[in-house]
Amino acid sequence: MLETAIDTADALRLPQPFEAWFTERGWRPHAHQLALLEAGRARKSTLLIAPTGGGKTLAGFLPSLVELTGERHQSSEGIHTLYISPLKALAVDVARNLSTPAEEMKLDLNLETRTGDTPASRRQRQRLIPPDILMTTPEQVALMLSHRDGPRLFGSLRYVILDELHALVTSKRGDLLALCLSRLRRLAGDLITIGLSATVAQPSKLRAYLETQSTGAKRSKLAGLIEVEGGAKPDIRILQSKERVPWSGHSGRYALPEIYQAIQAHGLVLIFVNTRSQAEILFHELWRLNQHNLPIALHHGSLDVGQRRKVEAAMVAGTLRAVVCTSTLDLGVDWGDVDLVINVGAPKGASRIAQRIGRANHRLDEPSNALMVPSNRFEVMECQAALEAIAEGAQDTPVPRKGGLDVLAQHVLGMACAEPFDPDQLYDEISSASPYHGITRETFDRIVDFVATGGYALRSYDRYAKLRLNKEGRYRVSHPRVAQQYRLNVGTIVAAPMIKVRLGRRRASKSEPGRTLLGRGGRALGEVEEWFIDQMTPGDTFAFAGEVLRFEGMREMEALVTRATGADPKIPIYESGKFPLSTYLAARVRRILGRPAEWKHLPEQVSNWLRIQRRKSVIPKVGEVLVETFPRGNKFYMVCYPFEGRLAHQTLGMLLTRRLERGHARPLGFVASDYALAIWGMRDIGQMILGGQLDLGELFAEDMLGDDLDAWLAESNLMKRTFRICAIIGGLIERRHPGQEKTGRQMTVSSDLIYDVLRQHEPDHVLLKAAWEDTAQGLLDVARLGDFLKRASGRIRHIHLEQVSPLAVPVMLEIGREPIRGEAQEDVLREAAEDLIGEAMGER
Amino acid sequence: MSGKQGKLALENWEPEFASNALGIHVCGERFEAHNSGALYWPGEQTLIVSDLHLEQGASLASRGSLIPPYDTQTTLGELAVVLALYEPERVISLGDNFHDVAVAERLSADVLEEILELQAGREWFWITGNHDPRLPDELRGHVTPQLTLASIRFRHEPAEGAVAHEIAGHLHPAARVAKRGHTVRRKCFVTDGRRLVMPAFGAYTGGVNVLNQSFAPLFPAESFQVWMLGREDVYPVGKRYLLGD
């Protein structure tokens, strides 16, 4: 593809203002920019894969800019080009970056942004007098499509440019956008799409996303592909610390002096960590070391927006030396001249880390400079695996999702708001979107029924239907209120209930001299999840917004805090849930482990650790699954090493303990890390295996994903979280809006109660099905666990030990750090009651 | 506290913990709290429930929120279980029996039949509440804004101030406790030994924290206990162990 792109490049000439603009600057258009221009002329939807710094954005816009200025076709009343980005900030940033050359070339065009922040008056005007180019987000597109004037706005649409497509397609926003695209295609007969993406593992999935899929077709129709090779290979090192690399934990504390030295030696350093709490800890610790008062800042998604904007501005202005950040800085916005990226903790995926490292450089021909800092010994192996993968250019980006049924429900309602729809037509339309290609008519009909009346077998809500069939066999909304409800609830981002954290003002008490009172009116520091505040009692300290804070209590639904002095903060629980170790990287880690010849690439202390493991226990061969059993204290342990990521291990732990329970092994608990799973109990599991009372093959048999999984889910609270999100997206319960309701639990009826009732009475309801799919994918990693169980079958190697093995130490150290599960809630109540009894019995 | 002490104490209290009902004393009368949220009065062979909010789903559906219509069935099912357990001669339902009078008047034949079946063979008092100042005519039983039985007054909304001899509902009490850094929030009974407020029984009813201002005027002595509804049991917890929201 690249070859042809270069061939055609010579044949093409840029129209005058463009040609002159490039020449004036001594530039030549990139081959891929010209290739995309050609694709535009040929009216062929195309995916452009290019690394950062490749002039990707300009390339994406070139076809439409040229068309708009060239034989300027009749200025119609509609939008000519729609640019859609996953980030509001990116839409605004790109608009700014595009305005400059457009002005320099004196192009006569009208370019505007539209996001949730755009004032209503401007949005209104945009619908009356649409701009040539509109830069917006998926939610705004959905919103515009739900109005009656869609055909006028979009009827003459020529281009849809989808930025950061690789990030969009793995989320529900990508589902929503795919559905919107299917409608845009119907409204605008002559529309092509241009996808801009970082390098991905399976470009064909993205190419299918950009095209119209036809019903019944076996093979997907694919958009064209233009791929730009990466520039210079990045220069990546793993920190070779003089300090002892810890067995477990995720703080990276041991490497602080070395990280600080790296900051001193560079201009602007981005320090990526995996979670907000890690960011807080690291930031806090760096400032303790910061004798030179280097300007080091903090950036993560919970911080107050104003504070984040300040940090971003300072980055662009070049006044910062380092920023500790989470994935909030992962995507394309250009934040200045970063010359070193440090990644603290596990890389989790090879592509993910490669993209982060790419942030260090926005010029293609210079190598990015990066340092990986593993925070424990397993992570050393993971970093090594990532390093090798990047050197080979291997990709392990997550695969695009199968379209969510909750998102489809939202879209169906939106389409009914626009105009009455014919179900046959809408079915064809939505199944032309690749995430929904192959959805059965029956499922679609159930979704329509769900939107109309709730879709319950007990047909008691027919009189309250939101959609009704009209005489022409089309569904229309039954009441204007329904459309209003839709517009207030549009979108697929459902935040966990958040609580604002506000610094309290101390003032002296007038009535009691010497006593200070705490008033409100201090600065808002940001927001934290409600569950986090839930577990705190006044007086607890925590690190947030770069400070150690003391929780003083709730005041009018805000958490009031004061600055704590000196104390070591009680830190949020480490949550790595979001990014489990990628399957690809896991396989590589297993290979490093299984081949002692490769250990020489690892730091001495890590290879020594593995050598001792070989002496005291065994090293599993590549393809083998090691299960170790040993006694410790007065309990018996079983540790296995699937390397399938924390989510899959947690699910495995839940299911294995159920089976061990049935096998009378009396399990007590388990703990899971990204690499291993440890289960402990009252009976000697090792002896039971050796004595033939317990069969490992049966214990790990794949059928655990059937009835056992169902039975466990029925008892656990796990699905309630995903159900709430599906219920909001699907329009069953309403989204909360600022000022409207105060906390998540004051919602009209709690989604937990709805879940309980629905599960009991209609377990195969379509919304439970949607929640189950999300849970299986996002919380349980069922597919991956299934693959593991297949792989493990017949290849389990058991070894019974006298004591804990070196390999088991890291996961054993995780015991006690795990958050509580629903099942343990009864114990909390029991203990609270025992306090009272103790009091009554005079024991305190 | 150490777990060992707790266990020891628990053994001594075994009789009270043996069933999933626990003795509560209000004004010298002994009641048994059940983890469904029902209260049984052995001395009068009377079962008390509060805030059933029947047809809450249908009521919300009539306002555009199509949440599952099975709440009435669920609530009545729970009620049937406790009725079978205690076989009371008398039932007092403490108001807000129906979520919405207008919707209740379109009660389906099935639901009506189910309620009548529960009422069969026992005396039944419907206390009226703010949600249901009147009740569907088809129902059996006495409809009254309040009832006094053996010196205890039953009403929907608790009387103002620190009265005694009263059992009421309306407020939907819930409590929150923390242990080992984790918190649990549940519906609860709340009492100072002089009066008692019942948890809401309905499937879609939530709870308001007992440390919330609305409870303060009812228990001015500042000492009350709650009985939290667990999955297996009812758990007594002293006020000093409770957390606000």
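**Domain contacts and helix packing in chain A**

In the predicted model, residues 24 or more positions apart account for 75% of those contacts in chain A that have a separation of 6 or more. Chain A comprises 844 residues, of which 48% count as buried, and its secondary structure consists of 33 helices and 27 strands.

The chain is divided into domain 1 (2-227), domain 2 (235-392), domain 3, which is assembled from the segments 405-494 and 720-773, and domain 4 (498-563). Between the C-alpha centres of domain 1 and domain 3 of chain A there is a distance of 30 Å, and the contact of these two domains takes 25 residues from domain 1 and 24 residues from domain 3. On the side of domain 1 that touches domain 3, at least two residues each are supplied by α7 (138-145), α10 (172-187) and α11 (203-209) of chain A; α10(A) gives the most, with ten residues. By class, this side of domain 1 has nine nonpolar, nine polar and seven charged residues.

Helix α12 of chain A (residues 256-265) has A:Ile259, A:Tyr260 and A:Ile263 as its buried residues. These three lie on the same side of α12(A), because the arc that they cover around the axis is only 100 degrees. An α-helix has 3.6 residues a turn, so residues three or four places apart point the same way. The other side of α12(A) carries the exposed residues A:Pro257, A:Gln261, A:Gln264 and A:Ala265. The packing partners of the buried residues of α12(A) are helix α13 (276-289) together with the strands β9 (269-272), β11 (322-325), β12 (340-344) and β13 (369-373) of chain A.

Note on methods. Residues numbered from 1 in each chain as written. Chains lettered and ligands numbered in written order. Predicted model: local features only at pLDDT ≥ 70, side-chain atom pairs only at ≥ 80, totals over all residues. Helix = DSSP H or I, 4+ residues; strand = E, 2+ residues; numbered from the N terminus. Buried ≥ 20, exposed ≤ 12 C-beta atoms within 10 Å, placed from the backbone. Contact = placed C-beta atoms within 7 Å. Arc of directions from axis to C-beta. Domains from an automatic or database assignment. Nonpolar A, V, L, I, M, F, W, Y, C, P; charged D, E, K, R; others polar.
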